[in-house]
Amino acid sequence: MTVRIDELDRKILGEMQRDAAQSLDEIARAVGSSKTPVWNRIRKLREAGVIRQQTVLLDAEALGLEACFFVLIRTSEHDAGWQLRFLRTLRERPEVMEAHRLAGDVDYILKVRVANARAYDVFYQALISEVSIHTVTALLSMEEIKSTTALPV
């Protein structure tokens, strides 16, 4: 379903992405509107599925999850049964922050957050015990230069 989003909606979405804990009054003031129209627009955006959920962003390093690995996976199996097992395994692993199926030489890329290399190895051993994988390449991120959940509205 396509929903029409005007400039005020974009401003509201921008404010909510910046800090969803703001009160309606704060959002309304920031976007130059009043509380009731802002509330109605937020409700419509939720009903249309534009706003999926509100959540809290945690600091991974403050929680001891200092290592971020990008895991490149190539598989020689592409049947539905393998894919179901693989997707179920990824969804059950809290270390997997993101998973994408790719076009090109690599079939999947995962973003994995763990405490250290030893914790990554535990994750890796669990993954390959669940599903057959042709090759796995793990790339350790040395520095996070930019990370955002905000979409360009």
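Me: Is Asp 6 buried, exposed or partly exposed?

Reply: This is a predicted model, so read each value as computed from it. Partly exposed is the class between buried, under 20% relative accessible area, and exposed, over 50%. Asp 6 has a relative accessible area of 35%, and is partly exposed.

Me: Which residue forms a salt bridge with Asp 6?

Reply: General idea: side chains of opposite charge can pair when their charged atoms come close. Here the partner of Asp 6 is Arg 41, with the closest N and O atoms 2.8 Å apart. This pair links distant parts of the chain. Arg 41 sits in helix α3, Asp 6 in the segment before α1, and their positions lie 35 residues apart in the numbering.

Me: With which residue does the side chain of Asp 9 meet in a salt bridge?

Reply: With Arg 41, at 2.8 Å from N to O. Asp 9 lies in helix α1 and Arg 41 in helix α3, so the pair ties together parts that are 32 residues apart in sequence.

Me: Is Asp 9 buried or exposed?

Reply: Buried: its relative accessible area is 7%. Now look at what surrounds Asp 9. Not counting residues up to four places away in sequence, Asp 9 touches Arg 4, Arg 41 and Leu 45. Sequence distance can mislead you here. Asp 9 and Val 153 are 144 residues apart along the chain, and their C-alpha atoms are separated by 9.1 Å.

Me: Where is Glu 15, and which residue does its side chain meet in a salt bridge?

Reply: Glu 15 is in helix α1. Its side chain meets that of Arg 18, at 2.9 Å from N to O. Start from the general rule. An α-helix has 3.6 residues a turn, so residues three or four places apart point the same way. Now the case: Glu 15 and Arg 18 both lie in helix α1, three residues apart, about one turn of the helix. Then there is the network. Salt bridges that share partners join Asp 6, Asp 9 and Arg 41.

Me: Which of Glu 15 and Arg 18 is buried, and which is exposed?

Reply: Glu 15 counts as buried, at 15% relative accessibility. Arg 18 is exposed, with a relative accessible area of 58%. Glu 15 also has contacts further along the chain. Leaving aside neighbours within four places in sequence, Glu 15 is in contact with Gln 22, Ile 27, Ala 30 and Val 31.

Me: How many salt bridges does a search of the whole structure find?

Reply: Six.

Me: How do I read a whole helix? What span should α1 have?

Reply: Count residues, then check the ends. At 1.5 Å a residue, the 12 residues of α1 should span 16 Å. Its end C-alpha atoms are 16 Å apart, which agrees.

Me: Which residues of α1 are buried?

Reply: Leu 8, Asp 9, Ile 12, Leu 13, Glu 15 and Met 16. Seen down the axis of α1, these buried residues fall within an arc of 160 degrees, so they line one face of the helix. On the other side of α1, Glu 7 and Arg 18 are exposed. The buried residues of α1 pack against α2 (24–31) and α3.

Me: Let me try α4. How many residues does it have, and how far does it reach?

Reply: Helix α4, residues 80–92, has 13 residues. From its first C-alpha to its last it reaches 18 Å, close to the 18 Å expected.

Me: Which residues of α4 are buried?

Reply: Trp 82, Phe 86, Thr 89 and Leu 90. Seen down the axis of α4, its buried residues fall within an arc of 100 degrees, so they line one face of the helix. On the other side of α4, Ala 80, Leu 84, Arg 91 and Glu 92 are exposed. What covers the buried residues of α4 includes β1, β2, β3 and α5.

Me: What about loops? Where is Leu 58?

Reply: Leu 58 is in the loop between α3 (35–47) and β1 (67–74). Leu 58 is exposed, at 66% relative accessible area. Leu 58 also helps make a nonpolar surface patch of about 410 Å², together with Val 56, Leu 63 and Leu 65.

Me: And where is Asp 105?

Reply: In the loop between β2 and β3. Asp 105 counts as exposed, at 68% relative accessibility. Its C-alpha atom and that of Asp 25 are separated by 50 Å, and the two residues are 80 apart along the chain.

Terms used:
Residues numbered from 1 in each chain as written. Predicted model: local features only at pLDDT ≥ 70, side-chain atom pairs only at ≥ 80, totals over all residues. Heavy atoms only, no water. Patch = residues over 30% accessible without salt bridge, like charges linked within 9 Å, V, L, I, M, F, W, Y side chains within 5 Å. Areas by Shrake-Rupley, 256 points an atom, 1.4 Å probe, with all protein chains shown as cover. Salt bridge = Lys/Arg side-chain N within 4 Å of Asp/Glu carboxyl O. Helix = DSSP H or I, 4+ residues; strand = E, 2+ residues; numbered from the N terminus. Buried < 20%, exposed > 50% of the residue type's maximum accessible area, 1.4 Å probe, protein only. Expected span 1.5 Å × (residues − 1). Arc of directions from axis to C-beta. Contact = heavy atoms within 4.5 Å.
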